[in-house]
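Student: I'd like to learn how to read empty space and ligand sites in a model. Can you walk me through one?

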Amino acid sequence: MLEKTGIVTRDRLDSKINELLSSPKRKGAILECYEEIPCNPCSTSCPTNAIIIKPDINAKPEIDYEKCTACGICVYNCPGLAILVLDMNYSESKVLFKISYELLPIPNNGDIVKGISRSGKEICDVEVVKVINGNKQDHTSLISVAVPKEHFKEFVTIKVGV
Ligand code: SF4
Ligand code: SF4
């Protein structure tokens, strides 16, 4: 399915989300890297060694949620834009996402923007909580957004402006 449509199958995604939900902290990175490719910036950039790629660089990355601090560094270091960070504890009604964003305009803290689903549809309004876009991010902004809980399994990115 992924290969034909570009949309990850529900089973694959649910398995990743369930792993996060069953971890004690209920926050951390979701690595949506489903193919074996020679790539490892997520692992080499992680300050806590929470991402393991073994036995060699072609293996799919795996996350150790005990070590992950949900910092988001791997998010903007992934060339495939394949990592999201989720914090399920952000509030009663919202999940905090950290996403990579390479389009313009870059939103500002406090903006309300459109939440976009995995199939490209506008599904909800989301609040921009924090934007980090410095030299370290190298034109890939790290944007924190608060997403209504009822949409967190579908949400994948934002649309800024009209
Ligand atoms: S969010 Fe931070 S701690 Fe967690 S895997 Fe990514 S870089 Fe490592
Ligand atoms: S950096 Fe991104 S594309 Fe490369 S292995 Fe890690 S998650 Fe996959």
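Student: What volume does the second largest cavity have?

Tutor: The general idea goes like this: rolling a probe the size of a water molecule over the atoms shows where empty space is left. Keep in mind that this model is predicted. Here the second largest cavity comes out at about 40 Å³.

Student: Which residues line the second largest cavity?

Tutor: Its walls are made by Leu13, Ile17, Ile30, Glu32, Leu84, Leu86, Phe97, Arg118, Phe152, Lys153 and Phe155. Helix 2 (10–21) and strand 4 (83–87) are the elements that each give two or more residues to that lining. Sorted by class, the lining has 8 nonpolar, no polar and 3 charged residues.

Student: How many cavities of 30 Å³ or more turn up in the whole structure?

Tutor: The search finds 2. The largest cavity holds about 80 Å³ of space. Its lining counts 15 residues, and Cys46, Cys68, Thr69, Cys71 and Cys74 lie nearest its centre. By class that lining has 12 nonpolar, 3 polar and no charged residues.

Student: Which ligand takes up the space of the largest cavity?

Tutor: A handy point here is that the cavity search runs over the protein atoms alone, and the largest cavity is the space taken by ligand 1. Around ligand 1 there are 14 residues, the closest being Cys46, Cys68, Thr69, Cys71 and Cys74. That shell has 11 nonpolar, 3 polar and no charged residues.

Student: And where does ligand 2 sit?

Tutor: Ligand 2 is in the largest pocket. Its surroundings are Cys33, Ile37, Cys39, Pro41, Cys42, Cys78, Pro79 and Ile83. The class count for this shell is 8 nonpolar, with no polar and no charged residues.

Student: Now a single residue. Which residues does Lys98 contact, leaving aside its neighbours within four places in sequence?

Tutor: For a case like this, place the residue first, then list its partners. Lys98 belongs to strand 5 (residues 94–101). Its contacts beyond those neighbours are Ala70, Cys71, Gly72, Val75, Leu84, Val85, Leu142, Ile143 and Ser144. Cys71 is also among the residues closest to ligand 1, and Leu84 is one of those lining the second largest cavity.

Student: How far apart are Lys98 and Ser144 in sequence and in space?

Tutor: They are 46 residues apart along the chain, yet 4.4 Å apart from C-alpha to C-alpha.

Student: What lies 2.8 Å from a polar atom of the Lys98 side chain?

Tutor: That's the backbone oxygen of Ala70.

Definitions and conventions. Residues numbered from 1 in each chain as written. Chains lettered and ligands numbered in written order. Predicted model: local features only at pLDDT ≥ 70, side-chain atom pairs only at ≥ 80, totals over all residues. Heavy atoms only, no water. Near = heavy atom within 4 Å. 1 Å grid on protein atoms, 1.4 Å probe; cavity = no way out; pocket = protein on both sides within 12 Å on 5 of 7 lines; lining within 4 Å. Sits in = over half its atoms within 2 Å of the grid points. Nonpolar A, V, L, I, M, F, W, Y, C, P; charged D, E, K, R; others polar. Helix = DSSP H or I, 4+ residues; strand = E, 2+ residues; numbered from the N terminus. Contact = heavy atoms within 4.5 Å. Polar contact = N/O pair within 3.5 Å; in protein donor to acceptor, adjacent residues only side chain to side chain. Points joined across faces, edges and corners; volume = space filled by probe spheres on them.
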